[in-house]
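I opened the coordinates to see how the chain is put together. These are my notes, in the order in which I looked things up.

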Amino acid sequence: MPQRDQEHVVVRRADRPGDLGWVVMAHGESYHRQFGWNRDFEALVATIVADYGARHDPDREAAWIAESDGRRVGCVFLVAGDRPGTAKLRLLLVTPEGRGSGLGTRLVAECLSFARAAGYERVTLWTNDVLVAARTIYQSFGFTFADEERHHSFGHDLVGQNWTLDLRTHAAPRDG
C-alpha cells in the first residue's frame, strides 16, 4: 500500500453539520463489516453521540474528526466520566480508508492533550478484546488494563475490557 501524503490529512473538531451523523453511520457500517456486529451497536453509538450533541460542556468535553483529502476517515470523543477528575475516551474509529497513516494515534493524542488541558487526572475507556489495533494504541499511551467481563452484545459473545490512564503519572509526550 502506498504511504499517504500526511499534508492532506487533518484532525479537527467535530463541529460541522453531518459530523455527528457520520460518526454513527461509520461505526455501524465499519463494525458490521469487520465483526458482524448488529444494529444494537449502532444504537449504542447513536445514544453516546446524541448525549454529547445535546449536553456536552465545551470546556470539559470535545470530539474530533480525521479527514483525508476532505473525506471523514476517523473520530474520537472525550466526555466527562462518572467521577470527578475522570474523563472517558469514547468512539475511537479509523475507517479502512484511513488506516495505516497513524490517524488512530493522532486522534488519541489530541484527545489526551485536551484532557490534560481541561484538568482531568485520569482517562478511562471501555473496549472489547477483539479490537486489537485500538488496544495497541491505548497501551502505547500508557493505558493499563483494569478488568474485563464477558457479555453478549451486538449479536456476539464478547469480552469487554476497562482501561485506565493516570494523567498525573504519565506526562504528555514531548516534541522532538
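The entries below go from the sheet to the helices, the core, the salt bridges and a few single residues.

**Entry 1: the sheet.** I noted at the start that this is a predicted model. I looked up the strand order and found an open sheet of seven strands, E1-E2-E3-E4-E5-E7-E6, with mixed pairing. Which strands stand at the edges? They are E1 and E6 (144–153); each has a single partner strand, so one side of each is left without a neighbour in the sheet. I also took the twist: neighbouring strands are turned by 20° against each other on average, direction ignored.

**Entry 2: the E5, E7 and E6 end.** I went through the pairings of E7 next. E5 and E7 run antiparallel and are joined by seven bridges. In this stretch Val123 stands opposite Leu165 of E7. On the pairing of E6 with E7, I found nine bridges, again in the antiparallel sense. I wrote down two bridge pairs: Glu149 has Gly160 of E7 as its partner, and Thr144 has Thr164 of E7. E6 and E7 form a hairpin with two residues between them. Phe154, in that turn, has a positive phi of about 60°.

**Entry 3: helices on the sheet.** I checked which strands H1 and H2 meet. H1 (residues 19–35) lies across E1, E2, E3 (71–80), E4 (86–94) and E7, and runs at about 105° to E3. H2 (residues 39–55) packs on the sheet as well, touching E2, E3 and E4. The direction of H2 makes about 125° with that of E4.

**Entry 4: Ser30 in H1.** I picked one residue of H1 to look at, Ser30. Is Ser30 buried or exposed? Its relative accessibility is 5%, and the cut-off for buried is under 20%, so Ser30 counts as buried. Leaving out residues up to four places away in sequence, Ser30 touches Leu93, Thr95 and Pro96.

**Entry 5: H3.** I tested the length of H3 (residues 103–117). At 1.5 Å a residue its 15 residues should span 21 Å, and the end C-alpha atoms are 21 Å apart, which agrees. I then listed the buried residues of H3: Leu103, Gly104, Leu107, Val108, Cys111, Leu112, Phe114 and Ala115. The spacing in that list is easier to read with the helix repeat in mind. An α-helix has 3.6 residues a turn, so residues three or four places apart point the same way. Just after H3, Gly119 takes a positive phi of about 90°.

**Entry 6: the core.** I looked up the largest nonpolar core, which has 52 residues. Those with the most contacts inside it are Val23, Leu78, Leu89, Val123 and Phe143. The largest share of this core comes from H3, with seven residues. I followed Leu78 further. Not counting residues up to four places away in sequence, its contacts include Trp64, Leu89, Cys111, Phe114, Ala115 and Val123. Charged residues are on the Leu78 list too, among them Arg60, Glu61 and Lys88.

**Entry 7: salt bridges around Arg12.** I counted nine salt bridges. Arg12 bridges to Asp19, with the closest N and O atoms 2.8 Å apart, and both residues are buried. Arg12 also meets Glu67 in a salt bridge, at 3.0 Å from N to O. This second pair links distant parts of the chain, with Arg12 in E1 (residues 9–13) and Glu67 in E2 (residues 62–68), 55 residues apart. I checked accessibility: Arg12 counts as buried at 11%, and Glu67 counts as buried at 10%.

**Entry 8: Arg168 and Glu121.** I looked at another bridge, in which the side chains of Arg168 and Glu121 meet at 3.5 Å, N to O. Arg168 is in the segment after E7 (156–166) and Glu121 is in the loop between H3 and E5 (122–128), 47 residues apart. Arg168 is exposed at 53% relative accessible area, whereas Glu121, at 33%, is partly exposed. Going over shared partners, I found that Arg12, Arg16, Asp19, Glu67 and Arg72 are joined into one network of salt bridges.

**Entry 9: Arg99.** My last check was Arg99, in the loop between E4 and H3. Its relative accessible area of 33% makes Arg99 partly exposed. Arg99 and Gly74 are 25 residues apart in sequence, with 8.9 Å between their C-alpha atoms.

Key:
Residues are numbered from 1 along each chain as its sequence is written. This is a predicted model: local features need pLDDT of at least 70, side-chain atom pairs count only at pLDDT 80 or more; totals for chains, interfaces and linings use all residues. Side-chain values use heavy atoms; hydrogens and water are left out. Helices (H or I, at least four residues) and strands (E, at least two) are DSSP runs, numbered from the N terminus. The expected span of a helix is 1.5 Å times one less than its number of residues. Buried means under 20% relative accessible area, exposed over 50%, partly exposed in between (1.4 Å probe, protein chains only). A salt bridge is a side-chain nitrogen of Lys or Arg within 4 Å of a carboxyl oxygen of Asp or Glu. A nonpolar core is a set of buried Ala, Val, Leu, Ile, Met, Phe, Trp, Tyr and Cys residues joined through side-chain atoms within 4.5 Å. Contact means heavy atoms within 4.5 Å. Two strands pair if DSSP finds at least two bridges between them. Axes are lines fitted to C-alpha atoms, for helices over the stretch in contact, and angles run from 0 to 180 degrees between N-to-C directions.
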